[in-house]
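Visitor: I'm new here and would like a close look at one part, the charged side chains, with the surroundings filled in as you go. Could you walk me through it slowly?

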Protein chains: 2
Amino acid sequence: MTEAYYSQKIHGPFETQALGDFDLVSGEKIRDLEIAYATFGTLSPSRDNAVLFPSWYSGSSKILELGYVGPGRALDPEKYFIILVNQIGAGLSSSPSSTRAPFGAARFPEVEIADDVRAQYRLVTEIFGIERLALVLGGSMGAQQTYEWAVRFPEAVRRAAPIAGLARGTPHNRLLVQTFIDAIVSDPAFEEGWYERASRVHRGLRRHAHLFAASGFSPALYNTRGFAELGFTTTDDFVTGFVENHFLPQDPNNLLLLLRKWRDADVSRNADGDLSAALGRIRADTTVIAIDEDGFFPLADIEAEQKLIPNSRLRRVSSPWGHLALFGADGAYNAAIDRHLAELLAA
Amino acid sequence: MTEAYYSQKIHGPFETQALGDFDLVSGEKIRDLEIAYATFGTLSPSRDNAVLFPSWYSGSSKILELGYVGPGRALDPEKYFIILVNQIGAGLSSSPSSTRAPFGAARFPEVEIADDVRAQYRLVTEIFGIERLALVLGGSMGAQQTYEWAVRFPEAVRRAAPIAGLARGTPHNRLLVQTFIDAIVSDPAFEEGWYERASRVHRGLRRHAHLFAASGFSPALYNTRGFAELGFTTTDDFVTGFVENHFLPQDPNNLLLLLRKWRDADVSRNADGDLSAALGRIRADTTVIAIDEDGFFPLADIEAEQKLIPNSRLRRVSSPWGHLALFGADGAYNAAIDRHLAELLAA
């Protein structure tokens, strides 16, 4: 099931770039790191029209394409060379599920957001020869990567648009993410990551999906049956058909690697723990986007960080889909995001 | 541990009233039902100064006393005869944990909010000879009981103050409560309710406590360390010292009975499923109180019900403690509640 899920058939077409042995921030290494990505449009001769869009938790480049890229959209392949890049550990790039013994599964090393960004930097500079990105953007864990890009490589990011995410996790966000982790690892079938098949851990994955469902959307989505637009009938039908259906084919070790990466994200590590100093390094023209109903990354926390970024502005979007409006199921959200991105790209 | 917890030493002094075999709405029965309660103040000769305050999820009459009753408070024993009553299944009134085999533990019958209210009605009318209560109030599951009182016995409730709760659970609230249930029953040590000792289920109880912690308080409580006022240092210290410490001594079957009662509460059963008709029966002067930051019972849902109640008004309270401001740890919340209750009682 996992094999078939992390495939070109479901998530492709995507390319894979080998980056050799890759030293992680922690001091460990990933052997023969591969980064999976998809591109749209054409790189201009002056290499100044590239957009980098890293994936969020449990998503791939495919959902970014479906939700954000296309003719007439802000991310228009007629104008931009758009690189949708898959996180390490998410199944398409090197991951616990795709790495042979003894290096894979529960033994796959811990990865930080900074490791993804360092690998992406090599892809962008060494493979595509791009010195400066016209835009780096991303939602949720994609926002974490966007912040890390803008802080770590300030000269390489002309514009930044972190959406529904934080540069440094708050205590509440860490507590919430830990409940997602615990839902999976508490399943006896998880066996400390040494399960025989991912589908054996379905009870833990279901509980994880239910927690995600209860906090990822706004209560109004359920109470006004906003999911009926997508053809779902009852709460159960939606939770099973949309949320469980998204998570059940995925690999528990992959999800846990991503959750720990999410939980521990913190750009202030670039400045000895000083968040203000780290965000003060950003040179990008930055539009920070928050979703009013976001239960994962509340507006107040996003706004507090935005105020620490020199050349930045806050844009608010409202959606009953809450944090998971990111998925692109809400047309009004998509239109609002396009407006804010177009405004930033025109600057 | 459970034995020692559900005791006079910790929750007393309280009285116990035997009500004999008690037929439940479901058709099942509780043998020798006992209702535990505490009273403060003196019933007036005309029996018109009685206030009934049922307990919320996992709480007892003791916390209601500590948080809401006292000289100078709206619920002043100098003026009112205050009855704090413990829910069936919460450990002090008849409960899975206190009922002998074969009737107790996992075999204890399902109980509805309506059953509590019917038992309380007998206590109030038969034991105290009170025909009409000056006020019925309660928070969370106490609000569910308050609504049931006002709908089921409209002539017996002069005033009502449901706080941070709903007359009928929303789809989102039911989804959320189900995650609390699943956190406990998924612990292999739960053994379908036939655990040897409650403390064996501590892993499930801890996960349940963490879910409660993540959604019961506002994110701001963690992110601004609002818990420092109570002497807690870190998020972990607070979650362990406050939230786990509250739940770990309790009995899993008791908590699950309460959670199912909470999940399924619905006053519209009094009117063939018509919520508007049910709430339209209320004769009480009603002050509905919502907490702006409430993640369990959002303002919008509370307001929608309030508009269906004839002689009612909405009062909003703000607290970083979110839903669990109910516990009384926030002085500003306590003062605001007292103002709203005093206003209602003066009417």
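Guide: Let's start with a word we'll need often: a residue is called buried when its relative accessible area is under 20%, exposed when that figure is over 50%, and partly exposed in between, using a 1.4 Å probe and protein chains only. The areas themselves come from the Shrake-Rupley method with a 1.4 Å probe, and for residues only the protein chains shown count as cover.

What you have is a predicted model, where local features need pLDDT of at least 70 and side-chain atom pairs count only at pLDDT 80 or more, while totals for chains, interfaces and linings use all residues. To find your way, residues are numbered from 1 along each chain as its sequence is written, chains are lettered from A and ligands numbered from 1 in the order in which they are written, and side-chain values use heavy atoms, with hydrogens and water left out.

With the partly exposed class in mind, look at A:Asp21, which fits it at 44% relative accessibility. This residue sits in strand S1 of chain A; helices (H or I, at least four residues) and strands (E, at least two) are DSSP runs, numbered from the N terminus. A:Asp21 joins A:Asp23, A:Asp32 and A:Glu34 in a negatively charged patch on the surface. Strand S1 (15–23) and strand S2 (29–40) of chain A each bring at least two residues to that patch.

What makes a patch? Its members have over 30% relative accessible area and no salt bridge; like charges are joined within 9 Å, and nonpolar side chains (Val, Leu, Ile, Met, Phe, Trp, Tyr) within 5 Å. On the charge side, Lys and Arg count as positive, Asp and Glu as negative, while His and the chain ends are not counted. Each charge is placed at NZ of Lys, CZ of Arg, CG of Asp or CD of Glu.

Now for charged side chains that do pair up. A salt bridge is a side-chain nitrogen of Lys or Arg within 4 Å of a carboxyl oxygen of Asp or Glu. Over all chains, that rule gives 30 salt bridges. One of them joins A:Asp285 to A:Arg313, at 2.4 Å from N to O. A:Asp285 belongs to strand S7 (residues 285–291) of chain A and A:Arg313 to strand S8 (residues 312–317) of chain A, so this pair ties together parts 28 residues apart in sequence. A:Asp285 is buried, with a relative accessible area of 15%.

Another pair is A:Arg263 with A:Asp264, whose closest N and O atoms are 2.9 Å apart. Here A:Asp264 is partly exposed, at 32% relative accessibility.

Over in chain B, B:Asp338 and B:Arg73 form a salt bridge of 2.6 Å, N to O. This one links distant parts of the chain: B:Asp338 is in helix H13 (residues 331–346) of chain B, and B:Arg73 is in the loop between helix H3 (61–68) and strand S6 (81–85) of chain B, 265 residues apart. B:Asp338 is buried, at 13% relative accessible area.

Two more charged residues deserve a stop for their backbones. Most residues other than glycine have a negative phi, and most peptide bonds are trans. A:Arg225 has a positive phi of about 55° although it is not a glycine. Its place is the loop between helix H8 (219–223) and helix H9 (235–247) of chain A, where A:Arg225 is partly exposed at 42%. B:Glu192 also has a positive phi, of about 55°, without being a glycine. B:Glu192 is in the loop between H6 and helix H7 (202–216) of chain B and is exposed, with a relative accessible area of 70%.

While we're on backbones, B:Gly12 and B:Pro13 are joined by a cis peptide bond, with omega about 0°. B:Ala101 and B:Pro102 have a cis bond between them as well, with omega about 5°.

Last, a look at the surroundings. A:Leu256, in helix H10 (residues 252–264) of chain A, is buried at 1% relative accessibility. Contact means heavy atoms within 4.5 Å. Setting aside neighbours within four places in sequence, A:Leu256 touches A:Ile181, A:Ile184, A:Val185 and A:Phe190. In chain B, helix H6 (residues 171–185) holds B:Ala183, which is buried at 6%. With neighbours within four places again left aside, its contacts are B:Gly204, B:Arg207, B:His208 and B:Leu211.
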